[in-house]
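Trainee: I would like a close look at a single part of this model. Please take it slowly and then place it in its surroundings.

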Amino acid sequence: MPQRYALAAAALTLWACSTIAAADETKPSVARGRDIFMKVGCYHCHGTHGQGSGAGLKLAPDPLPTEAIAQFIRATTSTMPAYSEHILSDSQIADIAAYLGSIPAARSPDAIPALKSSSQHVKPQR
Amino acid sequence: MASQNVDRRNFLSKVAVASSAAAIPTVHAAEPANKTLPATEARRLAPPSVAQLAADTGEARPQLPASATDCGSDFMVDVIKTLNIDYIFSNPGSSFLGLHESIVNYGGNKSPEFITCMHEESSAAMANGYYKASGRPASILCHGTVGLQHASMALYNAWCDRVPLIAILGNTLDSTKRAGANDWRHSAQDPAAIVRDFTKWDDQPISLQAFAESMVQGYKISTTPPMEPIVLVADSQLQEMELVSRSGLSIPKLSPTLPPQGDAGALREAAQFLVAAERPVILADRLARTAEGMRLLVQLAETLNAPVVDLTSRQNMPTTHHLYQNAQNRKLVAQADVILGLEVTDFWGQINQFNRIDDSSSPRMKPGTKLIRIGVNDLYMKSNYQDFQRYAAVDLSIAGDGETTLPALIDAVKSAMSDNRKLSLAPRAEVYRKMYAENYEAARQAAAFGWDASPISTARLCMELWQQIKTEDWALVSVGASEGFISNWPHRLWHIDRHYQYLGYGAGGGVGYGLPAAVGAALANKALGRMSVNIQCDGDFMYANGALWTAAHHRIPLLTVMHNNRAYAQETMLLQGIANQRNRGVTTAKIGTAIEDPNIDYAKLAHGMGVWAEGPITDPKDLAPAIKRAIGVVKQGLPALIDVVTQSR
């Protein structure tokens, strides 16, 4: 292949890759979302898998739609102070929503021996 | 009295005369103190020379004459024995050498037995845990200055927890009798001053007879509701003085004060409110001191068909009962027409909501809800430390011990309830049975989320543990400062139906309660044949981990499962919240709150103190087998620790 064609092909490849990368950055990313979820400390109250705890609501599996998550984060008056755009951008919220959406459904407690047996020992009345 | 005026130094330099006129029965050492030892053992146990002592502590004290037969601290031990105090938790100190020696030799180191601790805060926390597991007050022994300063945090926890505890302090009041610089540093004019704001009573008796009377009086005061710690100074002069004769000395008989019962007329009025209510709610906090307390609460709830919210400073209501409705706390309070608070310290906090962000508050209940409060909080309180909580305006406030008052309240409720009313209340039972089943199922579903996560979820930690202890006679003896740190899983999913199966938490919020309180409770449970389990937060552990050595040394069976989230996680969350509120970013919240870099190896720490341990466990699949192995160790009568790396909550 003549040298000039090779250079052109390489340039075309580079352009294509950068375009794809730019497009990917605007698309919510599960990996980025997980990193942000950990970096900004969502996991402290909500758990690393969004499972919730005594300190924070369950977020996943089956998270709220991205818009609802964003609305809550921006305007909450609960124990969790609202996050401004300065702290957490819209695209970062979208990434977090993508991460939460990627978390698979939990197993049924009946399929977990330590939880299944609990139900078998319920004594609702003494 | 001549015999009590013998100077300590004079006594130490002459031969004492045996006493044969003891006014009270005495208990003598079980074994002679000077039995023959092998030469190597004798060398190992040989006391330091006078020169060594002088180098270490200043002026050395003369040794007691071999023929000494009775001394002030022997009499003190006899006083303590009359109160059936099982244990004295302590680490040694020069201001109470005489009493220490009398406990282990004259008293035979039994009732009380000297439990060797590694810190005075641990001593007091162990005494706290011991009482909550056994119902029997224990004692601590420490320096009046440096020891009490260490112990003060745990005494505050006991104060907030309404726990009786007898703190005995060594002190040398007569400054001319202080042997050297250390005696001066270890003496005070008024040693109890630093804890007076959060102890119920104190005294510094200056004669042995006064010691006897103050000890019995202090015990009585401490064990009268509201039960609280008391402080008694045992002056070193009194401890070490010769007792030529016990003539004139006597030990007063303990006459326990019966706990106060609420006024009968007020209880009739309360009963009328409760019987007429359509949506009554019972809140119970430090109510059940004994099994009877739990039985009575169940009876009251069943008579009214009223739901109970157990605020878990004690185990008041069985979690297996359909009227146990902790999961519906807010909803029930919001809908209630009558709320009955039984030994609830923070009543205001139960009926109001406080917003930490803007410091605003709003009622949780609807207007017109009748409020009834029964408890001993108003009977005794102090002003400086604010554990009395915010004032709650109620409709009927009845001063009386909750457990003691329940029989009369139940009778009043039964008297106020017609047969027709009984019939009309009956359908409530079905409503709460259904609600109970829904609560339980919701908790089970919630526990499944993040089940396979690493770090390990607190739900999995608790349920893998529960799976293996539920067939034993178990007791969850400590959860540190709050069960909320493990998202309350035991109260959501464990079947806790004995009052001793859950002992509450460090009531003052003083970190360092968890492990030593668990060791004290486990010591009580050892005699009762119960398996003690401690879910141990990592930050709390690092304050008082020497308690593990005490467990190993005294062969105290205790299963400790670390909730190792590698942080002061509660503070991480709060710091994150305030930083976010100030719009300054949230990525720095781990500065000053994380316990990592390096990670602490708790298993190695435990090994170093002679305790069987495994971990750190990060794969949830490894958890159940490790618990099984640890239980095997505990069943041999020994402590065991599993380090589990966990989610924050």
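Which strands of chain B does helix α25 lie across, and at about what angle does the helix run to β18(B)?

Mentor: Keep in mind that this is a predicted model. Helix α25 of chain B spans residues 623-634. It lies across β15, β16, β17 and β18 of chain B. Its direction makes about 165° with that of β18(B).

Now the sheet beneath that description. The sheet is open and has five strands. Their order is β14-β15-β16-β18-β17 in chain B, and the pairing is parallel. The edges belong to β14 (474-478) and β17 (612-617) of chain B. Each of these two has a single partner strand, so one side of each is left without a neighbour in the sheet. From one strand to the next, the twist averages 20°.

Take one pair inside the sheet. Strand β15 of chain B covers residues 531-537, and strand β16 of chain B covers residues 558-564. They pair in the parallel sense over five bridges. Cys537(B) stands opposite His563(B), a residue of β16(B).

A further helix belongs in this picture. α18(B) packs on the sheet and touches β14, β15, β16 and β18 (639-645) of chain B. The direction of α18(B) makes about 165° with that of β16(B).

Next, the domains. The assignment for chain B gives domain 1 as 2-13 + 70-240, domain 2 as 264-434 and domain 3 as 449-645. The C-alpha centres of domain 1 and domain 2 of chain B are 38 Å apart. Eight residues from domain 1 and twelve residues from domain 2 of chain B make the contact. On the domain 1 side, four are nonpolar, one is polar and three are charged.

Then the partner chain. In the contact between the chains, 45 residues of chain B meet 38 residues of chain A. On the chain B side, the elements giving two or more residues are α17 (427-448), α18 (458-469) and α23 (569-581). So α18(B) appears twice in this account: it packs on the sheet, and it gives residues to the side that touches chain A. The largest share of that side, nine residues, comes from α17(B). By type, the side of chain B holds 19 nonpolar, 21 polar and five charged residues.

Chain A has six helices and zero strands. Of its 126 residues, 30% count as buried. Take its contacts with a separation of 6 or more: residues 24 or more positions apart account for 56% of them.

Finally, the cores. The largest nonpolar core has 182 residues, and Ile140(B) and Leu297(B) touch the most other members. Helix α7 (residues 146-160) of chain B gives the largest share of this core, nine residues. Another core, of 19 residues, lies apart from it and includes Cys42(A), Ile73(A), Leu88(A) and Tyr99(A). Back in chain B, and leaving aside neighbours within four places in sequence, Leu297(B) has contacts that include Ala284(B), Val308(B), Met317(B) and Leu406(B).

One loop residue rounds this off. Ser94(B) sits in the loop between β1 (87-90) and α5 (97-106) of chain B. Ser94(B) has 18 C-beta neighbours inside 10 Å, so it counts as partly exposed. Ser94(B) and Gln445(B) are 351 residues apart in sequence, and their C-alpha atoms are 57 Å apart in space.

Key
Residues are numbered from 1 along each chain as its sequence is written. Chains are lettered from A and ligands numbered from 1 in the order in which they are written. This is a predicted model: local features need pLDDT of at least 70, side-chain atom pairs count only at pLDDT 80 or more; totals for chains, interfaces and linings use all residues. Two residues are in contact if their C-beta atoms, placed from the backbone, lie within 7 Å. Helices (H or I, at least four residues) and strands (E, at least two) are DSSP runs, numbered from the N terminus. Ala, Val, Leu, Ile, Met, Phe, Trp, Tyr, Cys and Pro count as nonpolar, Asp, Glu, Lys and Arg as charged, and the others, Gly among them, as polar. A nonpolar core is a set of buried Ala, Val, Leu, Ile, Met, Phe, Trp, Tyr and Cys residues joined through C-beta atoms within 7 Å. A residue is buried if 20 or more other C-beta atoms lie within 10 Å of its own, exposed if 12 or fewer, and partly exposed in between; C-beta atoms are placed from the backbone. Two strands pair if DSSP finds at least two bridges between them. Axes are lines fitted to C-alpha atoms, for helices over the stretch in contact, and angles run from 0 to 180 degrees between N-to-C directions. Domain bounds come from an automatic or database domain assignment.
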